[in-house]
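Trainee: Could we walk through this structure together, one step at a time?
Mentor: Gladly; have a look at it and then ask away.

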Amino acid sequence: MKAHHLRGHNDFQKVYKNGKRYEGLFMTAFVLPNRLLHHRLGITASRKAVGKAVQRNRAKRLLREIFHLHGPPLARLRHSYDVVLNAKASLLRTRFALSLEDFERILARVASEESAGRTA
């Protein structure tokens, strides 16, 4: 659904500026609570970090799939979030299962900070 995606430059900049940054091995996540009833996703794969267009497109597909496969863990979070995932070059050189685990670790950190009352 298009309503579940961050689209404009201003949406991304708001998350970068006001959100909390989580470093993973294969991605960097910026997370900002929103006032909606659903999470919204934005994805970047820069030429500097990932490389040629074919590689960037593959990295974006992988990140989109990782996010969509984590629907149930995302639903367990107390708040809805705007999430921007930035691909790292290492994402393309690893097994998909390891990148899933990387995102799970990031979600666990978000959940623990949420329960401690330290959301972004």
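What follows is a set of questions and answers about the strands, rings and charges of this predicted model.

Trainee: Which strand does strand 2 pair with through eight bridges?
Mentor: Let's look at both partners of strand 2, which spans residues 27-34. Strand 1 (residues 20-23) runs antiparallel to strand 2 and is joined to it by four bridges. The eight bridges go to residues 80-87, also antiparallel, where A29 stands opposite L85. That partner is strand 4.

Trainee: Which residue of strand 2 stands opposite K20?
Mentor: Start with the connection: strand 1 leads into strand 2 by a hairpin of three residues. The two strands run antiparallel. Opposite K20, in strand 2, you will find V31.

Trainee: How many of the eight residues of strand 2 are buried?
Mentor: A residue is called buried when its relative accessible area is under 20%. F30 is one example, at 8%. Strand 2 is largely enclosed by the rest of the structure, because the number of its buried residues is seven.

Trainee: What kind of aromatic pair do Y16 and F30 form?
Mentor: Good one to try, as the structure holds two aromatic pairs. In this pair the ring centres are 4.8 Å apart and the planes make an angle of 85°. An angle over 60 degrees is the cut-off to use here, so the pair is edge-to-face.

Trainee: How many residues apart in sequence are the parts tied together by Y16 and F30?
Mentor: Find each ring's home: Y16 is in helix 1 (residues 9-18), while F30 is in strand 2. Y16 is partly exposed at 26% relative accessibility, whereas F30 is buried. Because the two rings sit in separate elements, their pair ties together parts whose separation in residues is 14.

Trainee: Over the ring of which residue does the charged end of K20 sit?
Mentor: Here a charge meets a ring. The distance from the charged end of K20 to the ring centre is 5.5 Å. The ring belongs to Y22.

Trainee: What is the distance, N to O, in the salt bridge of R40 and D82?
Mentor: This pair links distant parts of the chain, with R40 in strand 3 (residues 40-44) and D82 in strand 4, 42 residues apart. R40 counts as buried at 17% relative accessibility, and D82 is buried too, at 4%. Their side chains meet at an N to O distance of 2.9 Å.

Trainee: By about how many helical turns are R105 and D102 separated?
Mentor: These two form a salt bridge at 3.5 Å, N to O. R105 is partly exposed at 40%, but D102 is buried at 2%. Because they are three residues apart in helix 4, the separation is about one helical turn.

Trainee: Which residue joins R21 and E23 in one network of salt bridges?
Mentor: The structure holds four salt bridges. In one of them, the closest N and O atoms of E23 and R21 are 2.7 Å apart. E23 is partly exposed at 36%, as is R21 at 48%. Through shared partners, the network also takes in K88.

Trainee: Which side chain of opposite charge is nearest to E114?
Mentor: E114 is found in helix 4 (residues 96-115). Its side chain has a polar atom 3.1 Å from the backbone nitrogen of H79. E114 is buried yet has no salt bridge, and the nearest side chain of opposite charge, 5.1 Å away, is that of R78.

Definitions and conventions
Residues are numbered from 1 along each chain as its sequence is written. This is a predicted model: local features need pLDDT of at least 70, side-chain atom pairs count only at pLDDT 80 or more; totals for chains, interfaces and linings use all residues. Side-chain values use heavy atoms; hydrogens and water are left out. Buried means under 20% relative accessible area, exposed over 50%, partly exposed in between (1.4 Å probe, protein chains only). Two strands pair if DSSP finds at least two bridges between them. Rings of Phe, Tyr and Trp (its six-membered ring) pair if their centres lie within 6.5 Å; planes under 30 degrees apart count as stacked, over 60 as edge-to-face and the rest as tilted. A charge sits over a ring if NZ of Lys or CZ of Arg is within 6 Å of the ring centre and within 35 degrees of the ring normal. Lys and Arg count as positive and Asp and Glu as negative; His and the chain ends are not counted. A polar contact is a pair of N or O atoms within 3.5 Å; within protein, one must be able to donate a hydrogen and the other to accept it, and residues adjacent in sequence count only if both atoms are side-chain atoms.
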